[in-house]
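Colleague: I have some questions about the labels used for this model. Please give me the reasoning behind each one.

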Amino acid sequence: MRVRSQSTPRGLSRRQILAATGAVAGLQLAKPFIVTARAAEDTLKIGLEAHRTGIGAAYGLWYERTSTAAVKVINAMGGIGGRPVELIVEDDATDAKRGTEVMEKFANEHKVDFVFGPLFGNVVGAVAVRAGELKLPLFVVSEGSELAAGDFNRYVFQTGITNVRSQVTAISPWVIRNVGKKVTMIIPDYIFGYNHRDFFSETAKAQGGEVDAVIAIPPTETSFTKYFSQIPAGTDAIYHVMVGPGVLTFVRELGEFFGDKGPKLFGFIDSLEAVDIGAPGLEFLEGSHLWEAFPRYLSGLDTENAKFYRGAVGIDENGASVGDPKEVSTNSHMFGCWETLFSIKEAVEASGYKGPADKQKLVEAIEATTGYDEGKGHPQGKKQFIGKAHQMFGPQFISEVKGGKLNVVHTTSIEDGLYEPKADYTKQSL
Amino acid sequence: MITGPALLLALLEGTVGAAVLALTALGLSLVFGVMRVINIAHGEFVMLGAVVAWWCSADLLDAHPLLGFVVALAVAPLVVGAIAIAADWLVLRRIAYDPERTIVATMGLLYILQQGVLMGYGPDARPLDPPIYFRVQFPWFGYSGYKLIVAGLALLLLGATWLLLSRTRIGLYMRATRLDSETAQAFGVPVKRVYATVFALGAMLAALSGVLIAPIRGAHYLMGADPLLLSFIVVIVGGLGNLRGTLLAAACIGIGEGMISVLFSPTLSKIIATLLVAAVLVIRPGGLARSTAT
């Protein structure tokens, strides 16, 4: 038998009791947030715009882990300017439109002091514009060369990682000398790939090499063999740099296509970020070379500071997650988040930044920076910073695949990758 | 640059692509033909198949990839078919298979499945080891042996589906419902159950193609978009709901795409495929194979 909406002995209806329970539960749920909101008055809020989902997800995962670890270390050191740091993470789905929405959310809802983190060029281009409109300092952890070319604005910085132009300038003499003179480039079909194409073509020519063919592949592609027939027969070397969810398929299919007989290979580690070099089907990479920004294996950069950074982030000596040796990190990119957060710390402390009213002082303090010393905050090495262009320059590494691992065989100096950037943001008004 | 080796590569890529595409598109075509439902979530069933394959071979059974693959071939269609039956019972039946509302409903299903996988499985593209790995070395280039196996298995599965449709009682019911569901019902065909079965069968075919391509492309929560688009192109070109037309169109488009991709550029092949759809819709709205309709 069913009883319909019976009143309880005390005269309360079931609906009233439910409503009351709901209200109490709601308060309980809201409690932590109420407390946080009050405690947040003194914290420095930094927004991480992460590629948690979409084609950049492998990077987003590690950007978030590295940033969380860095904030923990910074807070243990007493915070930034004596204030604790709160990291707020928002997902931009590796999408430009969503990225700009996230910027607005950071500015209006979370009211953060700074934003950092976007990597993929399509997102960076969009959010950089919005950062300028919102006058919200944005630290991109991206290798795009547009910032130093003067395409962005005074509120955008690249303090944690070098750009493609600098990387290519640094490594191309070595590539032309040691890998081959007639080079076919395989690049992702968007701004990041075009940076590679333009700067490598230019520097290769200056070194006496030539680019035979350029094969641009959409970063959302999942099947690659069909592109390989475009590789010219007489080419000496293949320069590969791929991104997106298909990278392992890309290298595997490259191996299936050529076996051990093909042209020599030189790649950017992007083609293998978050991919285990020992995975079946990658044996053909043996003996080939890869660019790295931060050596994946501890042996490539075995310093106290690198060990400290690896320990804090939770990666082992093979560059994989401590808990799961199959979960390989994106070590050549994510260290940029770590170094960016420490560069923010240095800038805030140098400028005496207390809140958004001091934004201009902060921008000027970063522009007055000339470099960063190697240390816990900059484990990748010493850096040079060109203030007027908002661009950092650092060392690069070239590694050889040997026994299914990466061994650093060449390290470039800061000067090797240095060029005169076009940008001078100090001329723009604040 | 049309040379012998390039032509061979194009033919290989095209055949493998066409076989897998035929399997996926057949499911979509079957669902449309029998139920008049345009299933926007069809690509997500492919993705689910790949995710289940990853789960079987990398997570559940961390043994030989071949064992995981064989288990996945059995488990993935069951899991995905069960999800499809649930979707049919919970959603499609409630809205009386109304063609317009089912488009919106299956679009909702697409997001639910995609975001559900994102929450449970994560945003990474996870690789799978091929169950059998060998390289076929031609004088000019090498080719993945597993891809050839995929083409063979896809053809076998297509043959099995054909037998199911033409030789069994349930196949007879499906064909009867496709021709005229009211008359079929009058003759005692349990139309509601046929609908649920067809929706499940369509999803199972998609899931199987997901299992087959997972060792090539890995499993990723966004991988459903590509097969959906291509299947739609195939189903429209082949004539909506026309199974023989679907197979014919899959062969033409798969091999054509492989040829144009290899010999010219993959982007051009997508452009041509899309133009072909437009042309078919304008010139022969019933599909290329209209005259030989079954």
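Modeller: Start with A:Gly208. Leaving aside neighbours within four places in sequence, A:Gly208 is in contact with A:Ile176 and A:Lys181. This is a predicted model.

Colleague: What makes A:Gly208 and A:Ile176 a contact?

Modeller: The cut-off is 7 Å between C-beta atoms placed from the backbone. A:Gly208 meets that cut-off with A:Ile176 and with A:Lys181. The C-alpha atoms of A:Gly208 and A:Lys181 are separated by 7.3 Å. These two residues are 27 residues apart along the chain.

Colleague: Why is A:Gly208 called buried or exposed?

Modeller: A residue is exposed if 12 or fewer other C-beta atoms lie within 10 Å of its own. A:Gly208 has 10, so A:Gly208 is exposed. A:Gly208 sits in the loop between helix H6 (191–206) and strand S7 (210–217) of chain A.

Colleague: And B:Gly238: why is that residue called buried or exposed?

Modeller: The cut-off for buried is 20 or more. B:Gly238 has 29 C-beta neighbours inside 10 Å, so B:Gly238 counts as buried. B:Gly238 belongs to helix H9 (residues 225–238) of chain B. Its C-alpha atom and that of B:Val277 are separated by 9.7 Å. Along the chain the two are 39 residues apart.

Colleague: What makes the phi of A:Ala274 worth a remark?

Modeller: Most residues other than glycine have a negative phi. A:Ala274 is not a glycine, and its phi is positive, about 65 degrees. A:Ala274 is in the loop between strand S9 (264–268) and strand S10 (289–292) of chain A.

Colleague: How do you know whether A:Ala274 is buried or exposed?

Modeller: Count the neighbours. A:Ala274 has 23 C-beta neighbours inside 10 Å. Buried needs 20 or more, so A:Ala274 counts as buried.

Colleague: What is the phi of B:Ala96, and is B:Ala96 buried or exposed?

Modeller: B:Ala96 has a positive phi of about 55 degrees although it is not a glycine. B:Ala96 has 8 other C-beta atoms within 10 Å. Exposed means 12 or fewer, so B:Ala96 is exposed. B:Ala96 lies in the loop between H3 and H4 of chain B.

Colleague: Take those two helices. Why is H3(B) called oblique to H4(B)?

Modeller: Helix H3 (residues 65–92) of chain B and helix H4 (residues 99–120) of chain B pack at an angle of about 130 degrees. Roughly perpendicular covers 65 to 115 degrees, and roughly antiparallel needs over 145. The angle fits neither class, so H3(B) is oblique to H4(B). The axes are 11 Å apart. The crossing of H3(B) and H4(B) is right-handed.

Colleague: Which residues make that contact?

Modeller: H3(B) supplies B:Ala87, B:Val91 and B:Leu92. H4(B) supplies B:Thr102, B:Ala105 and B:Leu109. Five are nonpolar, one is polar and none is charged.

Colleague: In chain A, why are H3(A) and H4(A) called roughly parallel?

Modeller: Helix H3 (residues 96–110) of chain A and helix H4 (residues 121–134) of chain A pack at about 30 degrees. Angles under 35 degrees count as roughly parallel, so H3(A) and H4(A) are roughly parallel to each other. Their axes are 8 Å apart. The crossing of H3(A) and H4(A) is right-handed. Among the contact residues are A:Met103 of H3(A) and A:Arg130 of H4(A). The contact divides into eight nonpolar, four polar and one charged.

Colleague: How do the axes of H1(B) and H10(B) cross?

Modeller: They cross at roughly 150 degrees and come within 6 Å. Over 145 degrees counts as roughly antiparallel, so H1(B) and H10(B) fall in that class. The crossing is right-handed. The contact residues are 18 nonpolar, nine polar and two charged.

Colleague: How many residues does each chain give to the contact between chain B and chain A?

Modeller: Chain B gives 26 residues and chain A gives 21 residues. On the side of chain B, the elements giving two or more residues include helix H1 (4–35) and helix H10 (243–263). That side has 13 nonpolar, seven polar and six charged residues.

Colleague: Where is confidence lowest in chain A?

Modeller: In helix H1 (residues 14–39) of chain A, at a mean pLDDT of 51. Over residues 31–39 of chain A the pLDDT is below 50. That stretch has zero contacts in the model beyond near neighbours in sequence. Chain A as a whole averages a pLDDT of 90. The mean for chain B is 89. The model scores ipTM 0.84 and pTM 0.84.

Conventions. Residues numbered from 1 in each chain as written. Chains lettered and ligands numbered in written order. Predicted model: local features only at pLDDT ≥ 70, side-chain atom pairs only at ≥ 80, totals over all residues. pLDDT = per-residue confidence, 0-100. Helix = DSSP H or I, 4+ residues; strand = E, 2+ residues; numbered from the N terminus. Contact = placed C-beta atoms within 7 Å. Axes fitted to C-alpha atoms, helices over the stretch in contact; angles between N-to-C directions. Left-handed = near helix turned anticlockwise from the far one by under 90°. Nonpolar A, V, L, I, M, F, W, Y, C, P; charged D, E, K, R; others polar.
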